[in-house]
Protein chains: 4
Amino acid sequence: MKVGFIGLGNMGLPIAHNLLRAGHQLTVYNRTRSKAEALASAGAQVANSLGEACQSGMVMTMLADDRALEEVALGDGGIVDALARGGIHLSLSTISTALSRRLTQEHTLRGQIFIASPVFGRPDAAEAARLVVVAAGPLEAIERVRPLLAAVSRKVFVIGSEQYAANAFKLAGNFLIASVLESLSEAFALARKSGVEPAQFLEILNGSLFQSPVYEIYGKIIVEGKFSPPGFALRLGLKDLRLVLSAAEEAAVPMPLASAIRDHFVSGVARGWGDLDWAALAKVVAEDAGLQAL
Amino acid sequence: MKVGFIGLGNMGLPIAHNLLRAGHQLTVYNRTRSKAEALASAGAQVANSLGEACQSGMVMTMLADDRALEEVALGDGGIVDALARGGIHLSLSTISTALSRRLTQEHTLRGQIFIASPVFGRPDAAEAARLVVVAAGPLEAIERVRPLLAAVSRKVFVIGSEQYAANAFKLAGNFLIASVLESLSEAFALARKSGVEPAQFLEILNGSLFQSPVYEIYGKIIVEGKFSPPGFALRLGLKDLRLVLSAAEEAAVPMPLASAIRDHFVSGVARGWGDLDWAALAKVVAEDAGLQAL
Amino acid sequence: MKVGFIGLGNMGLPIAHNLLRAGHQLTVYNRTRSKAEALASAGAQVANSLGEACQSGMVMTMLADDRALEEVALGDGGIVDALARGGIHLSLSTISTALSRRLTQEHTLRGQIFIASPVFGRPDAAEAARLVVVAAGPLEAIERVRPLLAAVSRKVFVIGSEQYAANAFKLAGNFLIASVLESLSEAFALARKSGVEPAQFLEILNGSLFQSPVYEIYGKIIVEGKFSPPGFALRLGLKDLRLVLSAAEEAAVPMPLASAIRDHFVSGVARGWGDLDWAALAKVVAEDAGLQAL
Amino acid sequence: MKVGFIGLGNMGLPIAHNLLRAGHQLTVYNRTRSKAEALASAGAQVANSLGEACQSGMVMTMLADDRALEEVALGDGGIVDALARGGIHLSLSTISTALSRRLTQEHTLRGQIFIASPVFGRPDAAEAARLVVVAAGPLEAIERVRPLLAAVSRKVFVIGSEQYAANAFKLAGNFLIASVLESLSEAFALARKSGVEPAQFLEILNGSLFQSPVYEIYGKIIVEGKFSPPGFALRLGLKDLRLVLSAAEEAAVPMPLASAIRDHFVSGVARGWGDLDWAALAKVVAEDAGLQAL
């Protein structure tokens, strides 16, 4: 399929590569043009403007935060302005439910279609086309873009027609992962100061009880203290928790665990660890217990 | 092997049955004698006193809390008094690290051996002899009792010679499970109030990401609202969190997530749900969000 | 002095009255025109547009939240557009530090002066001209507007030239008051369930130790359960805590107590108490303890 | 009056002095005998045993924690054993509601009278005989001991006949004070990182709003960073919060703010600040925000 692609960060770039590999015709646009040009050798066309990236009537966005997507989609000459009536905007970013609602409204006003299809997975999963997609929006339109989603993921779930629900789903999911970070961090601190070896603790508990790759991966990062380079930076974790709490406030849901995790991320930034992997939450918890990080 | 067995509650009873099935000769003692007699038909001898249960020089205990074990082990005519020099006390209960240290000391003073070997698993796992045992104590003694532990479990881990570390391990493990309850409860509340169906949320996230039986089992209990009969009662969950926080205070480890969970268990008791399954934590979180429990 | 006044809610209206009483010439503007007209009989001129309210070169705003002030100040034909070079915008609202920074920048760009002068006090203090003002901005400009501030308050404090610091001050102050609500709520719940009479508890502790009107006023509201009509609505309390946490996140300051209070306000809204006085936080805490509110 | 006095720590010693000054005949006992002997020159008799201190039929205790009082009152040859039928035990210590209940029961069983009369005030208030006493127990007995209580305090409040309620009152009161510490700590951290000077912040807010000596005293300690010598050590603050949470758990009252404060005290101990004043909570909060303590 012909499709525009905007946002070539450490998630967007491997996703774009996989779309090209799957035979789709990409017109890529990136604020920093050099990143877009790097894709030309892989077969992408480089757009000179947002408008050009929308010309095929179908455009995917993978941006870092609300602000970036807002600018690209709602700014002057942005997607909402540039996309033809009937065009589709397929948004892969993790954004607020509020922005998702607003994009739905703005696109709908112009006879355009907005699909929220946030993805689960770290950069290595993006490279391996092993992301998990959770999509919501007009169902017929989702079927049309399915080949694009399939090309970058191991699984595509369609959860309904209300776009913001997919964003809430993604945020709730990220919250669950962050909860694993927090609970492992606290359990490891208790273990270490009680004569239990964290690596063995993790191996036994995950081997016999949790049996989960999420515990395996993050537990290992913490036990080995390998917070750099980050798969997902702590300051982005903070951003996500902010979005979780904001979605929760809109829906009138108190989430004390989310609040506690957010406080630890804020402390992590205050200690200068915003660019470490978000598993460095464990460093905050360890220091609070008078320990050196592992 | 010949062994005494004390404590025939909803965990102790199936464990005792499995020991009998494996061919061990049990002398059982229970405060409520009728429960002990029910085991007689399965081949157990019924002891008239704690002392009788200790006569073989080896005794296992599976009691509900610190207080019960303290009375049985350290009270007048208790295990510490009754056990011969060189005898072994094998404790399966989830108890405080403080009591574990004290039992270690008292037994050692009398030339007896204390082994802490708390178990992971709910009553159905106990019945299926599928518990997971984490043992600590004199290593040679642990080897001697291994056939007993093997008869009731699918896995026995020996983590060292310091008894209290096994209890800290068990508490840290229970904390991790309780953290799953809390995080699922909050995520479900957010999902429900944002148009996401909790059952589908669980299926997708656990199917594609967590892949964990712990999330599967507890997620299902919450989604189906089946909190009764309890596999593990909420008031016991509260007790465990109290032990976690007490071990953490001894070790000078702040655990804000453990504190938040404890607060919710306290609220669950205040709302009259102490005898429901500890997954009823989700009812507390749901009500706080203005929702009916699922 | 000649001054425009925008925002005639339950704080703005008594403030405007006091300015008129002190002999200032007010041109008032309100989105709902009838509220402005009600002030005409007290001597105010009614503006037909925001622009008219800015004609004197000096304008005060007292609006409910960021969004309202943003619209009035930064929207098409708003204050920033309408005010002459050298004009002063005196903002009394409780707003985010982020918006304060942005207003400072926009006004400065146009050669206008922005003064942040948020006020402490409930509507009855506004009526009695007994507010406390905390102002920041160009010091010479603050001296020029001092008669206006003096006319509505019992005390004016100038804390420096950085506008956003006055807003941070106000937010930190509101956080301290909210902390009194939370701590009294928890203490009362413990007292009630331990056989201590809350009214006596308050009388003794405040009479002998705290000796504070803040404890006196809010303690009494809680003990008497008089949450309606609200002096300051719970949903505005939630808004303020959101601003506190947002200012704290900008400054990289974890505030777990602020997070806990915010969670309780969210729960209050979920239970349908958003329009009660923010002291109804005590109802949330009481219900969580299985109590009826006092 | 003739009265025994047990416990000559930094609170007990000035209290005993004031009793002597008021003309009461004290027989003092202390584990470390030298401390008792120091009082001899002020007119006290030095007891060789707990029993001797109980001979007058009336004994006051001022001990550091549950454990110390438990040993002195319930140990072999302790107060419960030594006091005559009809004798009075007047307990000034801050203890758990559980121990208060147990002492009530044990004394009552022996026809003795237990009065719980915990005190508010730091060592300087004890020296100045300016403590505040909150008493509960048999009312007629309280009237008999009133001269003793009056001699050490500026105010004596009798709140009822249930002893443990006075202990719950004291714990709830200490919780309120600790809440001031936590809220000031967080507000100061936000202020400092937002360009607001903490000393000015305190002066304005307490001068104009709170007007409370509690905010004045503790605010000043924090602003000046004078955490040593401690008026009340952080590790005792931790003990009190543990007692608060334990009383709250007995009464089924969730207290999330108390939990958050406790977590910070635990962290303070972990960082090696257990012997600083409990206002050093502010150091924990400041470090978590990436600041040096003031």
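These legends walk you through a few close-up views of a predicted model. Local features need pLDDT of at least 70 and side-chain atom pairs count only at pLDDT 80 or more, while totals for chains, interfaces and linings use all residues. Residues are numbered from 1 along each chain as its sequence is written, and chains are lettered from A and ligands numbered from 1 in the order in which they are written.

**View 1. Chains A and B about their axis.** A turn of 180 degrees with a shift of 0.0 Å along the axis lays chain A on chain B with an RMSD of 0.1 Å (superposed by least squares on the C-alpha atoms of residues with pLDDT of at least 70 in both). The two copies are thus related as by a two-fold rotation axis. Look for A:Ser212, the residue of chain A that comes closest to this axis, at 2.5 Å (C-alpha).

**View 2. The two domains of chain A.** Domain 1 covers 2-161 and domain 2 covers 168-288, with bounds from an automatic or database domain assignment. Their centres, taken over C-alpha atoms, are 28 Å apart. Here 11 residues of domain 1 are in contact with 13 residues of domain 2 (C-beta atoms, placed from the backbone, within 7 Å).

**View 3. Where chain C meets chain D.** On this interface, 53 residues of chain C are in contact with 53 residues of chain D. Among the elements of chain C that give two or more residues are β8 (131-136) and α10 (198-210), but α9(C) gives the most, with 15 residues. Helices (H or I, at least four residues) and strands (E, at least two) are DSSP runs, numbered from the N terminus.

Note on methods. Two residues are in contact if their C-beta atoms, placed from the backbone, lie within 7 Å.
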